[in-house]
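The exercises below are to be worked with the sequence and the coordinates at hand. Each task is followed by a stepwise solution.

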Amino acid sequence: VVYIWDNTYSGIASYSFIKSTNIPQGSFTYNGIYSAGSRSSDFAEIGNLSITANFQNDTFTINGQSSNTSLTGTGFIDKSNGRISSGGLSFISPYGTNYGATTLGRLGNSSANNISGVFYTNDSNPDYAGAYSADR
């Protein structure tokens with residue numbers, strides 16, 4: 001996970017070094033870190049993340065929690081290219097505001113032992129963004 005800020009613009013990215021070629025069967029839980037930050041202030045937090053991936057149904061659930069934010073919801077797994085995505089997540093800001101959120105991510109390591117991705121809120125100029133990485 002990489003975050004870059006040049007005092008004017010910011011960017012966040014995640015990357016898995018090895019493409020998953022041997023996707024497992026069944027359901028697995030991934031645990032790791034979750035970060036969220038404001039795109040207009042210096043607010044940023046790191047918390048815990050849990051993702052349950054169901055490779056039979058090609059779906060996942062995500063639950064990221066920090067002291068003052070959360071990211072929750074469900075999405076889809078595309079095993080053909082090792083990607084995960086959802087446009088229907090819920091992000092709770094440090095002020096208690098509920099935003100719709102989108103995530104894009106990737107299965108990593110040859111047997112999908114890792115999931116990493118980024119998210120952003122669905123408002124026209126996203127107020128919040130973040131990243132996550134989890135292993136099984």
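**Exercise 1.** With which side chain does the side chain of Ser-90 make a polar contact?

Solution. The model is a predicted one, and side-chain atom pairs count only at pLDDT 80 or more.

Step 1. Locate the residue: Ser-90 belongs to strand 7.

Step 2. Find the partner: the side chain of Asn-98 is in polar contact with that of Ser-90, at 2.8 Å.

Step 3. List the contacts, leaving aside neighbours within four places in sequence: Ser-90 touches Ser-70, Leu-71, Thr-72, Asn-98 and Tyr-99.

Step 4. Classify the burial. The relative accessible area of Ser-90 is 19%, and the cut-off for buried is under 20%, so Ser-90 counts as buried.

**Exercise 2.** Treat Thr-102 likewise: find its strand, its burial class and its side-chain polar contact.

Solution.

Step 1. Thr-102 is part of strand 8, which spans residues 98-108.

Step 2. With a relative accessible area of 13%, Thr-102 is buried.

Step 3. Its side chain makes a polar contact of 2.6 Å with the side chain of Asn-122.

Step 4. When residues up to four places away in sequence are not counted, Thr-102 is in contact with Ser-86, Gly-87, Val-118, Phe-119, Tyr-120 and Asn-122.

**Exercise 3.** Describe the fold: which secondary structure elements does the chain have, and how are the strands arranged?

Solution.

Step 1. Count the elements: there are ten strands and zero helices. The pattern along the sequence is accordingly β-β-β-β-β-β-β-β-β-β.

Step 2. Follow the pairing: eight strands, in the order 3-4-5-6-7-8-9-10, form a closed barrel with antiparallel pairing. From one strand to the next, the twist averages 25°.

Step 3. Check the junction of strand 3 with strand 10: these two pair in the antiparallel sense over eight bridges. One position to inspect is Gly-37, whose bridge partner in strand 10 is Ala-129.

Step 4. Take the other neighbour of strand 10. Strand 9 (residues 114-121) pairs with strand 10 over seven bridges, again antiparallel. Here Tyr-120 stands opposite Ala-129. A hairpin of six residues joins strand 9 to strand 10.

Step 5. Add strand 7 and strand 8, an antiparallel pair with eight bridges. Within strand 8, Ala-101 is the residue opposite Leu-89.

**Exercise 4.** How many aromatic pairs does a search of the whole structure find? Describe two of them by geometry and place in the chain.

Solution.

Step 1. The search finds five aromatic pairs.

Step 2. Take Phe-28 and Phe-55. Their ring centres are 6.1 Å apart and their planes are at 55°. Planes under 30 degrees apart count as stacked and over 60 as edge-to-face, so the pair is tilted.

Step 3. Place the two rings: Phe-28 is in strand 3 (residues 27-38), and Phe-55 is in the loop between strand 4 (44-54) and strand 5 (59-65). The two residues are 27 apart in the chain, and the pair links distant parts of it.

Step 4. Compare their burial. Phe-28 is partly exposed, at 24% relative accessibility, whereas Phe-55 is buried, at 0%.

Step 5. Take Phe-91 and Tyr-128, which also form a tilted pair, with 5.2 Å between centres and 40° between planes. Phe-91 lies in strand 7 (residues 83-92) and Tyr-128 in strand 10 (residues 128-135), 37 residues apart. Both Phe-91 and Tyr-128 are buried.

Step 6. Extend the search from this pair: ring pairs join Phe-91 and Tyr-128 with Tyr-34, Tyr-99 and Phe-119 into a cluster.

Step 7. Look for a charge over a ring. Arg-136 lies over the face of Phe-28, 4.5 Å from the ring centre.

**Exercise 5.** What share of the chain is buried, and why is strand 10 described as largely enclosed?

Solution.

Step 1. Of the 136 residues in the chain, 40% are buried.

Step 2. In strand 10, six of the eight residues are buried, so this strand is largely enclosed by the rest of the structure.

Step 3. Finish with the contacts between residues at least 6 apart in sequence: 45% of them join residues at least 24 apart.

How values were computed: Residues numbered from 1 in each chain as written. Predicted model: local features only at pLDDT ≥ 70, side-chain atom pairs only at ≥ 80, totals over all residues. Heavy atoms only, no water. Phe/Tyr/Trp six-rings, centres within 6.5 Å; stacked < 30°, edge-to-face > 60°. Helix = DSSP H or I, 4+ residues; strand = E, 2+ residues; numbered from the N terminus. Buried < 20%, exposed > 50% of the residue type's maximum accessible area, 1.4 Å probe, protein only. Lys NZ or Arg CZ within 6 Å of the ring centre and 35° of its normal. Polar contact = N/O pair within 3.5 Å; in protein donor to acceptor, adjacent residues only side chain to side chain. Contact = heavy atoms within 4.5 Å. Pairing = 2+ DSSP bridges. Axes fitted to C-alpha atoms, helices over the stretch in contact; angles between N-to-C directions.
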